[in-house]
Amino acid sequence: MFKKIFSGVQPTGNLHLGNYLGAIKNFVDLNNDSKNDCIFCVVDLHAITVKQDKDQLTNNIRETAATFIASGIDPSKSIIFSQSKVHAHAEGSWILSCMAPMGWLNRMTQFKEKAGKDKERASVGLYIYPILMASDILLYDTTHVPVGEDQKQHLELTRDIAQKFNKDFDCEDFLRVPEPLIKKDFSRIMSLKDGLKKMSKSDPSDLSRINLTDTKDEIINKIKKAKTDSLPIPNEYQKLKDRSEAKNLLGIYSSISDQTLDKTLEEFGGKNFSDLKSQLAEVLSSKIFPISDEIKKLIKDQNYLDKVLAEGANKAEEMAGKKIKEMKKIIGF
Ligand code: AQP
């Protein structure tokens, strides 16, 4: 079946194992299937919903594009571009924000988590972040959106907004209602320091995550220091209940080795965490280090990265520009 794929990653630095296993690894598989048309966006407009350093942001945009390519996305097959270069994203976001009821946005848990206790100081952009995400997706008649589990609620909102627009303007099927592509297992990778917290770029502790630019030694050290518990590894899934750190490490091992959790439990059941940790560090280094090496090489070639992003933006502009024109006509502009 033909799939039109769209997904994005924020250029907020420190791309990590969660971004890779939850999203980017999936992008690569979709890119490799000739039946799909894929668009992968560096969502820089989303990044500025929290304060960014100007020079760092410029570098992070290139580094995110480099990460896509180093992970295996082929820019001659898939479109890679940065969101701010295609004006229709912001324009679509405004139009959709005039359709979306406040009540829908008030339910978004990510805003509550990111704004924390000091909601009054959070930017309006952070609050309407999911509407910009809806605009990104809907402008390309996307059929499928590969994301980590944390983005599920935003995707449901996108579907609701598309349906509301079609109904309000009596234009059935104009905005395509997209399907989420969320991996059934290991779609949420947790912090190495706290199995109840999502692995995240903004966690102040670098030991909480494996960055895609980490060296072999850093990976080994972080896995060695990862939080575990004092019980041995069980051989049944049910016995992992309330053992979030153990579950996370076993999940990471399964996901990076492309095997089921049952198989991993069979391999490590009854053993100590030191066995799992040394194997995990080895597999992670062998899979992540080549990506990290390639990212470092690509970053040095700014002209190449800028060319990939510019070519991608031209292609994206053509598609999104056409859709926004139709959208404006439907509204009466
Ligand atoms: N821990 C995670 N496990 C699985 N998937 C994850 N993703 C992020 N963290 C995990 C997925 O990665 C894609 C890109 O995410 P993003 O950079 O656009 O934003 P995010 O989800 O806000 O990522 P972070 O790391 O949590 O960033 P900060 O700390 O800046 O908020 C998405 O598909 C996401 O699901």
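This tour proceeds through a predicted model, moving from its strands to its helices and then to two loop residues.

**Stop 1: the strands**

Begin by selecting strand E1, residues 3–9. Of its 7 residues, 5 are buried, so E1 is largely enclosed by the rest of the structure. Add strand E2, residues 36–42, to the selection. E1 and E2 run parallel and are joined by 7 bridges. To find one place where they pair, select Lys4, whose bridge partner in E2 is Asp37.

Next, select strand E3, residues 79–82. E2 and E3 also run parallel, with 4 bridges between them. Which way do the residues of E3 point? Ile79 and Phe81 point one way, while Ile80 and Ser82 point the other way. All four named residues are buried.

**Stop 2: Ile39**

Remain with strand E2 and select Ile39, which lies in it. Is Ile39 buried or exposed? Its relative accessible area is 1%, so Ile39 is buried; the cut-off for this class is under 20%. The bridge partner of Ile39 in E3 is Ile79.

Now display the residues around Ile39. Apart from neighbours within four places in sequence, Ile39 is in contact with Lys4, Ile5, Phe6, Ser7, Ile79, Phe81, Tyr140 and Met319. One of these contacts, Phe81, is separated from Ile39 by 42 residues in sequence. In space, the C-alpha atoms of Ile39 and Phe81 are 8.1 Å apart.

**Stop 3: helix H8**

Select helix H8, residues 129–138. How many of its residues are buried? The count is 10 of 10, and the helix is mostly covered. Among the buried residues are Tyr129, Pro130, Met133 and Asp136.

**Stop 4: helix H13 and the helices it meets**

Select helix H13, residues 273–300, together with helix H3, residues 54–71. Their axes come within 8 Å and cross at roughly 130°. H3 and H13 are therefore oblique to each other, and their crossing is right-handed. On the H3 side, the contact is made by Glu63, Ala66, Thr67, Ile69, Ala70 and Ser71. On the H13 side, the contributing residues are Ile291, Glu294, Ile295, Leu298 and Ile299. Coloured by class, this contact has 7 nonpolar, 2 polar and 2 charged residues.

Keep H13 selected and replace H3 with helix H10, residues 216–225. H10 and H13 pack at an angle of about 150°, and their axes are 9 Å apart. H10 is therefore roughly antiparallel to H13, a class that applies to angles over 145 degrees. Here too the crossing is right-handed. H10 contributes Lys216, Ile219, Ile220, Ile223, Lys224 and Lys225 to the contact. From H13 come Lys277, Leu280, Ala281, Leu284, Ser285, Ile288 and Phe289. By class, the contact holds 8 nonpolar, 1 polar and 4 charged residues.

**Stop 5: two loop residues**

The final selections concern the backbone angle phi. Most residues other than glycine have a negative phi. Select Asn14, in the loop between E1 and helix H1. Asn14 has a positive phi, near 50°. With a relative accessible area of 33%, Asn14 is partly exposed.

Then select Asp258, in the loop between helix H11 and helix H12. Its phi is also positive, near 55°. Is Asp258 buried or exposed? Its relative accessibility is 56%, so Asp258 counts as exposed.

Note on methods: Residues are numbered from 1 along each chain as its sequence is written. This is a predicted model: local features need pLDDT of at least 70, side-chain atom pairs count only at pLDDT 80 or more; totals for chains, interfaces and linings use all residues. Side-chain values use heavy atoms; hydrogens and water are left out. Axes are lines fitted to C-alpha atoms, for helices over the stretch in contact, and angles run from 0 to 180 degrees between N-to-C directions. Angles under 35 degrees count as roughly parallel, over 145 as roughly antiparallel, 65 to 115 as roughly perpendicular and the rest as oblique. A crossing is left-handed if the near helix is turned anticlockwise from the far one by less than a right angle, and right-handed if clockwise. Contact means heavy atoms within 4.5 Å. Ala, Val, Leu, Ile, Met, Phe, Trp, Tyr, Cys and Pro count as nonpolar, Asp, Glu, Lys and Arg as charged, and the others, Gly among them, as polar. Buried means under 20% relative accessible area, exposed over 50%, partly exposed in between (1.4 Å probe, protein chains only). Two strands pair if DSSP finds at least two bridges between them.
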